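Here are my notes for you to read alongside the model. Keep the 3D view open and click through the residues as you go.

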Amino acid sequence: MPASTTPLVGIAMGSESDLPVMEEAARVLEEFGVPYEIRVLSAHRTPHRMLEYARTAHPRGLKVIIAGAGGAAHLPGMIASATPLPVIGVPVPTRHLQGLDSLLSIVQMPGGVPVATVAIGQARNAGLLAVQILATGDPELLQRVVAYKQALIEKVEQMDARVQA
Ligand code: RP5
């Protein structure tokens, strides 16, 4: 991403070990030409940096935050507590509980502080959801989303044709 482009989406994760999952969100944003930034911020190990990030995200021009973490995955919820921006949570799969712990930690938010939670490991959907949120105010981006959805339809129609052949 060129340094001069102001990021619209912030991707945050609790550890560098989350990167193999979270980079799928970055890939989608690149596919749609949406500028983003990517950070490691730990809710438990760098709480002050995390809160600073959440508090300054909106004034810096971000529109959506995607946050992923595993285990006691408090990062998305804690970021959501300190920003007016929509936060999309990605439960990162874990070794012992396969990400069920991450999912429940992210999805079970108290009333008033929502986190839009995608499936375990589904950072690609988080990227798509961020694009769709941005597209509500960007007709050109919306056209790209419409074309993407049409491509999905055609892919399934081709599968249908193949199994019927
Ligand atoms: C969480 O703990 C991170 O989001 C990561 O999924 C998990 C393990 O972190 P590391 O021990 O790999 O740094 O905070």
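1. Let's start with the core. This is a predicted model, and the largest nonpolar core in it has 42 residues. Of these, Ile66, Leu75 and Ile79 touch the most other members. As background, nonpolar side chains in soluble globular proteins tend to be buried together.

2. Who supplies the core? Two or more residues come from each of E1, H1, helix H2 (47-57), E3, helix H3 (75-81), E4, H4 and helix H5 (123-135). H1 gives the most, with six residues.

3. Have a click on Ile66. Not counting residues up to four places away in sequence, Ile66 touches Val9, Ile11, Ala25, Ile88, Val90, Ala126, Gly127 and Ala130.

4. Now the sheet. What is the order of its five strands? Reading across, this open sheet goes E2-E1-E3-E4-E5, and the pairing is parallel. Strand E2 (36-40) and strand E5 (116-117) each have a single partner strand, so they stand at the edges with one side lacking a neighbour in the sheet. In general, strands of a sheet pair through backbone hydrogen bonds.

5. For a closer look at one pair, take E1 (residues 9-13) and E2, which run parallel and share five bridges. Met13 is one residue to find here: its bridge partner in E2 is Val40.

6. Next, the helices on the sheet. Helix H1 (residues 19-31) lies across E1, E2, strand E3 (64-70) and strand E4 (87-92), and runs at about 175° to E1. Helix H4 (residues 100-107) also packs on the sheet, where it touches E3, E4 and E5. The direction of H4 makes about 160° with that of E4.

7. Finally, compare two residues of helix H6. Val146 lies in this helix, which covers residues 139-164, and Val145 lies in H6 too. Is Val146 buried or exposed? Val146 counts as exposed because it has 11 C-beta neighbours inside 10 Å, and the cut-off for exposed is 12 or fewer. Val145 has 17 other C-beta atoms within 10 Å, so it is partly exposed.

8. What does Val145 touch, leaving aside its neighbours within four places in sequence? Val145 is in contact with Val131, Gln132 and Ala135. For Val146, the C-alpha to C-alpha distance to Gln132 is 9.8 Å, and these two are 14 residues apart in sequence. Val145 and Ala69 are 76 residues apart along the chain, and their C-alpha atoms are separated by 27 Å.

Conventions
Residues are numbered from 1 along each chain as its sequence is written. This is a predicted model: local features need pLDDT of at least 70, side-chain atom pairs count only at pLDDT 80 or more; totals for chains, interfaces and linings use all residues. Two strands pair if DSSP finds at least two bridges between them. Helices (H or I, at least four residues) and strands (E, at least two) are DSSP runs, numbered from the N terminus. Two residues are in contact if their C-beta atoms, placed from the backbone, lie within 7 Å. Axes are lines fitted to C-alpha atoms, for helices over the stretch in contact, and angles run from 0 to 180 degrees between N-to-C directions. A nonpolar core is a set of buried Ala, Val, Leu, Ile, Met, Phe, Trp, Tyr and Cys residues joined through C-beta atoms within 7 Å. A residue is buried if 20 or more other C-beta atoms lie within 10 Å of its own, exposed if 12 or fewer, and partly exposed in between; C-beta atoms are placed from the backbone.
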